[in-house]
Amino acid sequence: VMAFSEVTEELRKYEAKVAEKGGTAPRRLRPGLTREDVQRIAAGYDVTLTEDALAVWMWHDGEGTLPYCPGYRGKAESTPGIFAGAGFPPLSVAFQLAERMCALWEWGEGDGGYPTHHMNKNDVKDFNGGTSAMCLWDVPLVVYDGDLPQTVIDCHDPDAKDSLVLSCDYGYVNPSSRTVLDFVRQEIGRLEDGTYTVNENGILL
């Protein structure tokens, strides 16, 4: 499948560029999963991953810095990963994070609940399978603060030739026309044009 091989190739190119610039994150990447393992994990959530999403977790099963679903941590404790300033979770963790974001938590009266979700009728839009609220098929690719989805892959249509990458904000996803391939190529571009830099500690910023 073209999408699968193209995404795999670009991810490998991106990883090599991070290493070439002195980044230490590639050393923390976990081995990739088999196709069977990916779909077995996804099936536990009644989701079938698209070819693009398969390519991501068969490339690497996230980073060793996110081996489980962590509780919320302050920004100061976040571990920068292979994607600038953010973490790349193993697939099993990605689904735990998606599940938590779908739990429709709400702000309580003065208790400072976190995060907030209010599913109102006007939130339903004609993308992401018909909703702007995050769903289990929105598999977190990049997380910030250790556990909040920042970028998710929309897998609501497992037959989609190119699955979309949606930016996520406190459990709501934003419309997008960016594919997984677009996302990886954009990350490579940011490394090449100096938007992303690697500091003296090997951290990608």
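The second largest cavity in this predicted model is lined by V18, G23, T24, A25, R28, P80, G81, G202, I203 and L204. It holds about 40 Å³ of space, and the full count comes to two cavities of 30 Å³ or more. As for how such holes turn up, rolling a probe the size of a water molecule over the atoms shows where empty space is left.

Pick A25 out of that lining and follow it for a moment. A25 sits in the loop between α1 (2-20) and β1 (29-31). With a relative accessible area of just 5%, A25 is buried. Now look across to I82: A25 and I82 are 57 residues apart in sequence, yet their C-alpha atoms are 5.0 Å apart in space. If you skip residues up to four places away in sequence, A25 touches G81 and I82. G81 also turns up in the cavity lining, as does its neighbor in the list, P80.

Next, the sheet. Four strands make an open sheet in the order β3-β4-β5-β6, with antiparallel pairing. Its edge strands are β3 and β6 (172-173), each of which pairs on one side only. As a reminder, strands of a sheet pair through backbone hydrogen bonds, either parallel or antiparallel. Start at the β3 edge: β3 and β4 (residues 148-154) run antiparallel and share six bridges. One place to see this is Y144, whose bridge partner in β4 is L148. Over at the other edge, β5 (residues 165-169) and β6 are antiparallel too, joined by two bridges. There, C168 has V173 of β6 as its bridge partner.

Is β3 enclosed or open, given that it is an edge strand? Seven of its seven residues are buried, so β3 is largely enclosed by the rest of the structure. Helix α3 (residues 51-59) tells a similar story: eight of its nine residues are buried, so this helix is also largely enclosed by the rest of the structure. The buried ones are E51, D52, A53, L54, A55, V56, W57 and W59, so you'll find acidic side chains and tryptophans in that set. In general, an α-helix has 3.6 residues a turn, so residues three or four places apart point the same way.Just ahead of β3 in the chain is a residue worth zooming in on, N128, found in the loop between α4 (91-101) and β3 (138-144). At 2% relative accessibility, N128 counts as buried. What does its side chain reach? The side chain of N128 comes to 3.3 Å from the backbone oxygen of A133, and a polar contact of 3.1 Å joins it to the side chain of D138. Leaving out residues up to four places away in sequence, N128 touches A133, C135, W137, D138, D154, H156, L166 and V173.

C135, one of those contacts, brings us to the cysteines. How many disulfides does a search of the whole structure find? Zero. The closest cysteine sulfur to that of C102 is in C135, and at 5.8 Å it is too far for a bond. C102 itself is partly exposed, with a relative accessible area of 22%, whereas C155 is buried at 2%.

Note on methods
Residues are numbered from 1 along each chain as its sequence is written. This is a predicted model: local features need pLDDT of at least 70, side-chain atom pairs count only at pLDDT 80 or more; totals for chains, interfaces and linings use all residues. Side-chain values use heavy atoms; hydrogens and water are left out. Buried means under 20% relative accessible area, exposed over 50%, partly exposed in between (1.4 Å probe, protein chains only). A polar contact is a pair of N or O atoms within 3.5 Å; within protein, one must be able to donate a hydrogen and the other to accept it, and residues adjacent in sequence count only if both atoms are side-chain atoms. Contact means heavy atoms within 4.5 Å. Two strands pair if DSSP finds at least two bridges between them. A disulfide is a pair of cysteine sulfur atoms within 2.5 Å. On a 1 Å grid over the protein atoms alone, a cavity is a set of points where a 1.4 Å probe fits but cannot get out, and a pocket is an open set with protein on both sides within 12 Å along at least five of seven lines; lining residues have an atom within 4 Å of a point. Grid points are joined across faces, edges and corners, and a volume is the space filled by probe spheres set on the points.
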